[in-house]
Amino acid sequence: MSDPFDLSDDEPHAVRSNAPAVPPPWLDRLNPEQRQAVETTEGPVLVLSGAGTGKTRVLTARLAHIVMTRLAKPWNLLAVTFTNKAAREMRERVSALIGPASEQLWLGTFHALGVRMLRRHARLAGLESNFTILDTDDQLRLLKQVMETGRVDSKRWPAQALMGTIQRWKDRGLTPAQVTDGEAGDFAAGRAVELYQAYQERLRSLNACDFGDLLLHCLTIFKDPQHIDVLAEYQRQFRYILVDEYQDTNIAQYLWLRLLAQKHRNICCVGDDDQSIYSWRGAEVGNILKFEHDFPGATVVRLEANYRSTPAILAAASELIRHNEGRLGKTLRPGGVDPQPGEPVVVRGLWDGEEEARWVVEEIEARHRAGTSLNEIAILVRAGFQTREFEERLITTGIPYKVIGGLRFYERQEIRDALAYFRVVVQPADDLAFERIVNVPKRGLGDATLQAVHVLARAQGIGLVAAARQLIASDELKPRARTTLAGLLIDFDRWRSLLAAVGHGELAQTILDESGYTGMWQNEKTPDAQGRLENLKELAAAMDEFDSMAGFLEHVSLVMENDERTDVERINVMTLHGAKGLEFDVVFLPGWEEGVFPHQRAIEASGAQGLEEERRLAYVGVTRARQRVYVSYAANRRIYNQWQNNLPSRFVEELPAEMVERLAEKGLFGGVTEAAAAWGTNWNSGYLTQRQRRTDREAPDAAAPPDDGYAPGDRVFHQKFGYGLVQTVDGNKLEISFDKAGVKKVLDSFISMA
């Protein structure tokens, strides 16, 4: 292979003038917009590629076109992807077009390309070329050592929180010297930057770096006036730069690309501003929105011909995303020849989450009977905790499923840990459960203590808890270990005594809180910590559906026996974030309610920008479907063991009426005037037209409140909770003591006089 920095042949070859009339293979069957994106080789180009418009084909054709027309040699091309999978797929496709020359392309992820450059210039960053890249666990362990050396209280200032802050700084291309006082925050009394600096020095002393350093060190070298030749070398080499998923780039990646593109300016970024959904991990939608400002004279090519979804789905998605202001604008259209409009998007209102899960699974069974493969059906939820009800229903009906991008609900670490606590409460002789959580969270019980418990248990043929009791009564353990272990067993005894006196859902939450397990995840500032806390709350809520904690644990044991064969069709269950880039024949989008989706936390944290990202996430969900989309919402949903009355998501109303079939229970949202006032639209007419159905529970219809309103002592009926007595009245909000469901707060539009 030639030296990639041998630029003696510095001018690109001219395109041969005797090109055949028949388009070459890489241009075959491209539509006009795709062909424009491929053939516009000179100058900055932004390809706005809507969902299902063939962006991967455009990228590979563009690479092949540049090489095969001899505009540049393969090693003069830099192609950047976000995942190793995408890089492999692109290289395979390019290889099929240009042959072995594809191996000479600089093609890979940001991290892969960054490490390739950094190893070449490691000494300029204070490293040797054989430096080690630390994984997440090693990074955290090293940072904890730095904090201990700096005498920082790790209980008050968790290392996970500081690691998250440092990684965000690195995503923004900030070295310790570049972090301003305003950005430093008050972590450890304002010592975050000092600790960041110490962490970086410790990494260098170990000849190591973390993933954030791979580009940060490159940026530092590129911008150093003493090493200006390094950047110039790469700028001369890379005549053409191609970037996939540009809407997902963070600031460090953006700066790296801009520096490399400064000489030739032949940078082509492919992305979709309408699918920018990863701000929580550093992505800046502004990078794609300001492309034309950053690269004056840029050509913008819009790929709007969609080859995936029906016209009905495309119309629904386009109308939904049109409500966002921060976008460059494009409208998806069918790419096929005279496509049929397809079935309308179904919007289904139901009484509660349990009924929603039942309806979704019934529709799945109907689609499967009609010939749709289970592999081509997906349930896409906003948050991971929402999968539980659907998993339970799928297991009950015997429909195989798989959770994409994560574990099934009861297989998740935090759920297994929580269940281990409950198992020890119900059955003290459960050694496996006790062993799992005896030092989770960390209680200072070292290996010597646990080994002593195991040795005694084996010697006497007794369980670990019984052995621990004996050791506590002796003087074989160190005082601190004995006190800690005794306190834990006292806690288990106390929780066990509450089994008959306290509701098991409430007791479950008490156990998790008092054991310190909830606090452990609250102090964990990693991106997935909040999701784990939501899962724990969902677990506690699920227990109330069973007569006892023991009955619930037995149910879970049976659930975990769900068939794991790989040779059967399976429903796909995943979050909307995990579904990006995938496609299915049929997609179910449950939980479209205010506070759930759009998620309340996203709006509270980021305001209008957070809402627009939530809408982009809804757009991603709708555009995953080829043939059919089902959107559903529930009037009542139990979230974190609390029943809530919910308004349908504003995204429901933003779907175009002519492309939507709206279904709702009879009486559901019959008093939805509050929602209409909130969004400025007449929801009542929309939700009660089309087919109106009742649940399988026969009961009086909800009616408008009496003229004089409800009063304490009134006997009333609720479709879900049954009969009850009004306790208090606050405007249209009532507190009702139901005969079977207990005290609930509901809106007056959901009840009728009994």
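## Phe552 and the nonpolar cores

In this predicted model, Phe552 touches Tyr410, Leu419, Leu539, Ala542, Met543 and Phe546, leaving aside residues up to four places away in sequence. Phe552 belongs to the largest nonpolar core, which has 46 residues. Together with Leu419, Phe422, Phe434 and Leu539, Phe552 touches the most other members of that core. Helix 17, residues 413-426, supplies the largest share of this core, with 8 residues.

Another core lies apart from this one. That core has 42 residues, including Leu46, Leu113, Leu127 and Phe222.

## The second largest pocket

How much space lies in the second largest pocket? The volume is about 1000 Å³. The lining consists of 22 residues. Lys144, Gln160, Pro441, Lys442 and Met520 are the lining residues nearest the pocket centre.

Which elements give two or more residues to this lining? They are helix 5 (136-149), helix 6 (159-171), helix 17 and helix 23 (517-523). Helix 23 gives the largest share, 4 residues. Helix 17 thus appears in two places: it lines this pocket, and it supplies 8 residues to the largest nonpolar core. By class, the pocket lining has 7 nonpolar, 7 polar and 8 charged residues.

## Two cis peptide bonds

Pro441, one of the residues nearest the centre of the second largest pocket, also follows a cis peptide bond. That bond joins Val440 and Pro441, with omega about 0°. Pro441 sits in the loop between helix 18 (431-437) and helix 19 (447-460).

A cis bond also runs from Phe597 to Pro598, with omega near 10°. Pro598 is in the loop between strand 15 (584-589) and helix 27 (600-622).

## Cysteines

How many disulfides does the model contain? The count is 0. For Cys218, the nearest cysteine sulfur is that of Cys209, 9.5 Å away. Cys218 is buried, at 2% relative accessibility.

Why is Cys268 not bonded to Cys269? The closest cysteine sulfur to that of Cys268 is in Cys269, at 6.9 Å, and this is too far for a bond. The cut-off for a disulfide is a sulfur pair within 2.5 Å. Cys268 is also buried, with 1% relative accessibility.

## Positive phi outside glycine

Asn207 is not a glycine, yet its phi is positive, about 55°. Asn207 lies in the loop between helix 8 (192-205) and strand 5 (208-209). Is Asn207 buried or exposed? Asn207 is buried, because its relative accessible area is 17% and the cut-off for buried is under 20%.

Arg265 has a positive phi too, about 60°, and is likewise not a glycine. Arg265 is in the loop between helix 11 (251-261) and strand 7 (267-271). At 31% relative accessibility, Arg265 is partly exposed.

## Thr310, a buried loop residue

Where is Thr310? Thr310 is in the loop between strand 9 (305-306) and helix 14 (311-321). Although in a loop, Thr310 counts as buried, with a relative accessible area of 14%.

Leaving aside residues up to four places away in sequence, Thr310 touches Pro341, Gly342, Arg626 and Gln627.

Methods:
Residues are numbered from 1 along each chain as its sequence is written. This is a predicted model: local features need pLDDT of at least 70, side-chain atom pairs count only at pLDDT 80 or more; totals for chains, interfaces and linings use all residues. Side-chain values use heavy atoms; hydrogens and water are left out. A nonpolar core is a set of buried Ala, Val, Leu, Ile, Met, Phe, Trp, Tyr and Cys residues joined through side-chain atoms within 4.5 Å. Buried means under 20% relative accessible area, exposed over 50%, partly exposed in between (1.4 Å probe, protein chains only). Contact means heavy atoms within 4.5 Å. On a 1 Å grid over the protein atoms alone, a cavity is a set of points where a 1.4 Å probe fits but cannot get out, and a pocket is an open set with protein on both sides within 12 Å along at least five of seven lines; lining residues have an atom within 4 Å of a point. Grid points are joined across faces, edges and corners, and a volume is the space filled by probe spheres set on the points. Ala, Val, Leu, Ile, Met, Phe, Trp, Tyr, Cys and Pro count as nonpolar, Asp, Glu, Lys and Arg as charged, and the others, Gly among them, as polar.
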